[in-house]
Every structure is written in C-alpha cells, then in structure tokens.
Amino acid sequence: MKYFVIATRWDDERKAQVKYIAGQFDSFANANIFKTAYNEHYKADAVIVEDFKLINH
C-alpha cells in the first residue's frame with residue numbers, strides 16, 4: 001500500500017487553491033513523519049491519504 005501526503009497551496013495562475021501530492025511513501029510511519037514536518041515548516045494542514053482512497057475519491 002502507498003500513502004500520499006496531500007497539501008493545498010495557492011496557484012497564482014489559476015487564482016485558486018489547488019491540492020497536490022507533497023510526498024509518496026510505502027509506510028504510514030514515514031508518511032506521518034513527513035506530514036508533521038511539512039505542516040510545521042509551511043504552517044499547513046496536509047493530510048495522509050491511502051492509495052485506494054486517492055484513486056476512488
């Protein structure tokens with residue numbers, strides 16, 4: 001199973017917020033470490049999504 005860290009950022013070209021994959025990991029633990037560091041660094045609210053949920057969303 002893959003885990004994706006999904007973040008939201010402002011896109012000047014689209015003049016809207018867009019969601020993007022900030023990271024991809026094979027283990028939840030690594031995804032969680034990255035998500036925590038990402039959120040602290042960028043003052044963001046990124047989330048972890050499993051590959052199955054991402055595909056079937």
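Tutor: Let's start at Lys 43, which sits in the loop between α1 (28-42) and β3. Keep in mind that this is a predicted model.

Student: Why is Lys 43 called exposed?

Tutor: The relative accessible area of Lys 43 is 71%. The label exposed asks for over 50%, so Lys 43, at 71%, earns it.

Student: What makes the backbone of Lys 43 worth a remark?

Tutor: Lys 43 has a positive phi, about 50 degrees, although it is not a glycine. Lys 15 has a positive phi too, of about 55 degrees, and is not a glycine either. Lys 15 belongs to the loop between β1 (3-11) and β2.

Student: Is Lys 15 buried or exposed, and how do you know?

Tutor: With a relative accessible area of 59%, Lys 15 is over the 50% limit, so it counts as exposed.

Student: Let's place those loops in the whole fold. In what order do the elements run?

Tutor: From the N terminus, the order is β-β-α-β-α. That gives two helices and three strands. The C-alpha trace spans about 35 × 30 × 10 Å along its principal axes, and buried residues make up 25% of the 57 residues.

Student: Now for the charges. How do you know that Asp 26 and Lys 2 form a salt bridge?

Tutor: Their closest N and O atoms are 2.5 Å apart. The rule accepts a Lys or Arg side-chain nitrogen within 4 Å of an Asp or Glu carboxyl oxygen, so this pair qualifies. The pair links distant parts of the chain: Asp 26 is in the loop between β2 and α1, Lys 2 is in the segment before β1, and they are 24 residues apart.

Student: Why do Asp 26 and Lys 2 get unlike accessibility labels?

Tutor: Asp 26 has 58% relative accessibility, which is over 50%, so it is exposed. Lys 2 has 30%, which lies between the 20% and 50% limits, so it is partly exposed.

Student: What makes Arg 14 and Asp 11 a salt bridge?

Tutor: The closest N and O atoms of Arg 14 and Asp 11 are 3.8 Å apart. That is within 4 Å, so this pair counts as well. By this rule there are two salt bridges.

Student: Why is Asp 11 called buried?

Tutor: Asp 11 has a relative accessible area of 12%. Buried means under 20%, so the label follows. Its partner Arg 14 has 60%, which is over 50%, so Arg 14 is exposed.

Student: Which residues make the nonpolar surface patch?

Tutor: Ile 21, Leu 54 and Ile 55 make it, with about 290 Å². Ile 21 lies in strand β2 (residues 16-25).

Student: Why can Ile 21 belong to a patch while being called partly exposed?

Tutor: Its relative accessibility is 45%. Patch residues need over 30%, and partly exposed runs from 20% to 50%, so 45% satisfies both rules.

Student: And how do you know which label suits Glu 50?

Tutor: Glu 50, in strand β3 (residues 47-50), has 28% relative accessibility, which falls between 20% and 50%, so it is partly exposed.

Student: What does Glu 50 touch, leaving out residues up to four places away in sequence?

Tutor: Glu 50 touches Met 1, Lys 2 and Tyr 3. Contact is called when heavy atoms come within 4.5 Å.

Definitions and conventions:
Residues are numbered from 1 along each chain as its sequence is written. This is a predicted model: local features need pLDDT of at least 70, side-chain atom pairs count only at pLDDT 80 or more; totals for chains, interfaces and linings use all residues. Side-chain values use heavy atoms; hydrogens and water are left out. Helices (H or I, at least four residues) and strands (E, at least two) are DSSP runs, numbered from the N terminus. Buried means under 20% relative accessible area, exposed over 50%, partly exposed in between (1.4 Å probe, protein chains only). Patches are made of residues with over 30% relative accessible area and no salt bridge: like charges are joined within 9 Å, nonpolar side chains (Val, Leu, Ile, Met, Phe, Trp, Tyr) within 5 Å. Accessible areas come from the Shrake-Rupley method with a 1.4 Å probe; for residues, only the protein chains shown count as cover.
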